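Reader: Please give me a close look at one part of this model: its interior. Keep it brisk, and begin with the cysteines.

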Amino acid sequence: MIRALITGGAGFVGSHLAERLLSSGYQVTVIDNLSTGQMRNIECIMSNPNFSYAVEDIRNIHVSDRLVSECDIIFHLAAAVGVRNIIDRPINTIEVNIGGTEMILKTASRYRRRVLIASTSEVYGKGVKFPFREDDDTLSGPTRRSRWSYAASKAIDEFLAFAYHEEVDLPVTLFRLFNTVGPRQVGRYGMVVPRFVRWALANETIQVYGDGRQQRCFANVYDVVRAIQGLAECDSTIGELYNIGSNEEISIMALAELIRERADSASLIELVPYEEAYQQSGFEDFRRRVPSIDKIQSTIGWEPSTPLDETIDQIIAYYQTEMYNS
């Protein structure tokens, strides 16, 4: 039985990954400090005899050392996430993302453990060559704007991971996530789809930031965790970086309209300037963000299989249950 450690495993993606690995016969341990993760996300697997968890920060060397020594493979998903969270707490963003990854890589190196590290499409910055490919140049914004601290910190994580692979032959695989969505994702850190869904179900005004013409691709979390497991179970992915995401593009305004339609909502849709939404002048956003998934397709045969309207229906059903039970 493969023993997996998932950092950030009580979070949105981490909890879904834990479920998938358990159903595939893994033994799973989760570590999460619950800064953005929630115990309710792992309640459904608490009774599984092959599951255990620790409520702790991964930067606690004593706990991390013990958990890494007891596992075979690490899925490092713990990070500061969400645009709102990043803008409000830039120190935490930088320290958690870089310090946490450094701790995991050092400890994994001590015990020679396989590591998969989650990165982000934010690393591509303001690039204008589409779709984004793994070896494309990146173009970040000015250091004066905290909005870019997340992208910069995750880029450092990637540099560090590749350095460990090249210098000490640590078996590392990296993947960049593009707008993963699905049940359990919360909107309070700036995640757009759950915010729109909650407003639509309450028939409240759906607030679209900016002009609404920015384009995004939204990948279903069940497809994403299938991709992560596939990368983990393929040795040829060691030392490589992969995009994971959907290539089905939609504007944020069209997304709001689609969610309103699927929720059978009477909500109005309102444009809100970035400066008003984030209380920060000069906020910069991507106009388009679309991944090339050719590399992961050719390596492990993965591609997303869930259309966006089906994903939205899953999220609506989840929040309807939440509202009924609250």
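Author: Cys-234 has a relative accessibility of 17%. The cut-off for buried is under 20%, so Cys-234 counts as buried. Keep in mind that this is a predicted model. A search of the whole structure turns up zero disulfides. Cys-234 is therefore unpaired by the cut-off used, a sulfur pair within 2.5 Å: its nearest cysteine sulfur belongs to Cys-71 and is 20 Å away.

Now the sheet. Seven strands make it up, and it is open. Their order is 3-2-1-4-5-6-11, with parallel pairing. Strand 3 (51–55) and strand 11 are the edges, and each of them pairs on one side only. From one strand to the next, the twist averages 20°. Look at one join within the sheet. Strand 4 and strand 5 run parallel and are linked by four bridges. His-76 stands opposite Ile-117 of strand 5. Helix 2 (residues 61–69) lies across strand 1, strand 2, strand 3 and strand 4. Its direction makes an angle of about 165° with strand 2.

Next, the largest nonpolar core. This core has 35 residues. Val-28, Phe-75, Phe-175 and Ile-244 touch the most other members. Several elements give two or more residues to the core. The strands on that list are strand 1 (3–7), strand 2 (27–32), strand 4 (73–76), strand 5 (114–120), strand 6 (172–177) and strand 11 (241–244). The helices are helix 1 (12–23) and helix 7 (221–232). Helix 7 gives the most, seven residues.

Take Phe-75 as a viewpoint. Set aside its neighbours within four places in sequence. Phe-75 then contacts Ala-4, Leu-5, Ile-6 and Thr-7, among others. Leu-17, Leu-21 and Leu-116 are also in contact with Phe-75. So are Ile-228 and Ala-232.

Apart from this core lies another one, of 25 residues. Its members include Leu-201, Ile-206, Leu-258 and Ile-259. Leu-258 and Ile-259 take us to helix 8 (residues 252–262), where they are buried along with Ile-252, Leu-255 and Ala-256. Viewed down the axis of helix 8, the buried residues fall within an arc of 165°, so they line one face of the helix. After helix 8 comes Asp-264, with a positive phi near 50°.

Note on methods:
Residues numbered from 1 in each chain as written. Predicted model: local features only at pLDDT ≥ 70, side-chain atom pairs only at ≥ 80, totals over all residues. Heavy atoms only, no water. Buried < 20%, exposed > 50% of the residue type's maximum accessible area, 1.4 Å probe, protein only. Arc of directions from axis to C-beta. Core = buried A, V, L, I, M, F, W, Y, C linked by side-chain atoms within 4.5 Å. Contact = heavy atoms within 4.5 Å. Pairing = 2+ DSSP bridges. Axes fitted to C-alpha atoms, helices over the stretch in contact; angles between N-to-C directions.
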